[in-house]
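Student: Before we discuss the assignments, could we look at the sequence and the model together, and then ask what each term rests on?

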Amino acid sequence: TGPARQVTETGDTYMYHIEWSPDSRKILWADKALRLRFVNVETGKITEVATCERWEFSQYAWSPDSQWIVYTKAEMASMDKIYLYSLADQTSHELTDGWYGSSSPIFSSDGRFLFFVSDRDFNPIYSSTEWNHAYQDMSRIYLITLAKSTESPFKPKSDEVEIKAATEEKKDEAKKDEEPPAEKKEDAGKSEDKDEKKDEPEPVKVDLDGIKDRIAVLPIAVSSYYQLGSAGDSLYYVRKGQLCLYDLKEQKETELGRVDGYEISADRKKMLVVSGGRYAIMDLPKGGIDMKDAMDLSAMEVVLDKRAEWNQIFTECWRQMRDFFYVPNMHGVDWPAVRAKYEPLVSYVNHRADLTYIIGEMIGELK
């Protein structure tokens, strides 16, 4: 509703993929300097979550209560691992070992589970013309119960447990019938308190002791999986271009249709789907995806100031060379001086080809 406000200062390198915390008070991002950081939007204070020596961070997510961060880290001496960072004690905890590559971690929408993809299936195929083998599909989706008290959805079910539960339910009903009406009424103040707290997420409980032993695998096919999304008992994911739904309660998988991508709304009630270049907003799908009500984008317009864009492209190309050139010393070239030399020429650009020529001459100074 107001003008833009700068949140961070002294940015010294490229920033990637910002993630708002669910409480809207913090923003998480990764950068070219191999750091994972978040900023308090009100105070501007930056907190460093993790650093890496091998590669940039690209997979990270907030817990529903905004007090935990899960992320994948590229390791120097093993496969990629998944870590859990606590904002309360500002420490990271290892969730997977380095024997198998693990990726794409997310929290369940209720904060009870953590889902991730891992390559743990080794079924090689052999060539018919030479004695050699290759591994193709190796991934499944795995689940971690964050608290010891949380039962795994895949815990073996027992008829005896169901009988006991039914017996206890009957006892509770009989007890309620015996209670006088006055004792049944709840205090109005308590009800109001419950209503006020209804919108606040439950604190995510994590028992780190033995957490690696609480990993379970979803009973789905070995394949390649990406773009996990959680909403209640529903886990959405893409398998080789096919959007799928796994119902944790029913323990059933449903293929919903081919997509190019999807996004679940913050309230976990709607989904934006893109397929074949068309976009559609729909209720969270339980069956096949129907793109018949695709959004009409024919009236979309772009207001373009080409000279402003050319200036931005020139600056961006200069920054890319500064931050991504293979040696930090830029071959001994004074790179800020090179920018000062060529930037005045941009005001004379009258065609995109002119800009390309100037950028090429500028980068040629590095040779």
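**From values to terms**

Tutor: Let us begin with a turn: in the hairpin formed by β17 and β18, where four residues lie between the strands, Q251 adopts a positive phi near 55°. Please keep in mind throughout that this is a predicted model.

Student: What makes β17 and β18 a pair of strands?

Tutor: Pairing requires at least two bridges, and six bridges join β17 to strand β18 (residues 252–258), the two running antiparallel, so the criterion is satisfied. Within this pairing, C244 stands opposite E255 in β18.

Student: How do you know that β16 pairs with β17?

Tutor: Strand β16 (residues 234–239) and β17 are linked in the antiparallel sense over six bridges, which again satisfies the requirement of at least two. V238 faces L243 of β17 across this pairing, and the hairpin of β16 and β17 leaves two residues between them, with K240 in the turn having a positive phi of about 50°.

Student: Why is β17 described as largely enclosed by the rest of the structure?

Tutor: Because five of the six residues of β17 (residues 242–247) are buried, the strand is largely enclosed by the rest of the structure.

Student: Why is R35 called buried?

Tutor: Its relative accessible area is 14%, and buried means under 20%, so R35 meets the definition. R35 belongs to strand β3 (residues 35–40).

Student: What makes the pairing of the R35 and D12 side chains a polar contact?

Tutor: The separation is 3.0 Å, and the cut-off is within 3.5 Å for a pair of N or O atoms, one able to donate a hydrogen and the other to accept it, so the term applies. Setting aside residues up to four places away in sequence, R35 also touches others, including W29, E48 and F57.

Student: How do you know that the span of α4 is close to the one expected?

Tutor: Helix α4 (residues 306–324) has 19 residues and reaches 26 Å from its first C-alpha to its last, against the 27 Å expected at 1.5 Å a residue. At the N-terminal end of α4, D305 acts as a cap, with a side-chain oxygen 3.3 Å from the backbone nitrogen of R307.

Student: Which elements do the buried residues of α4 pack against?

Tutor: They pack against α5 (335–342) and α6 (352–364). The largest nonpolar core has 18 residues, and those with the most contacts inside it are F314, W335, L355 and M362; α4, α5 and α6 are the elements that give two or more residues to this core, and α4 gives the most, with six residues.

Conventions:
Residues numbered from 1 in each chain as written. Predicted model: local features only at pLDDT ≥ 70, side-chain atom pairs only at ≥ 80, totals over all residues. Heavy atoms only, no water. Buried < 20%, exposed > 50% of the residue type's maximum accessible area, 1.4 Å probe, protein only. Contact = heavy atoms within 4.5 Å. Expected span 1.5 Å × (residues − 1). Core = buried A, V, L, I, M, F, W, Y, C linked by side-chain atoms within 4.5 Å.
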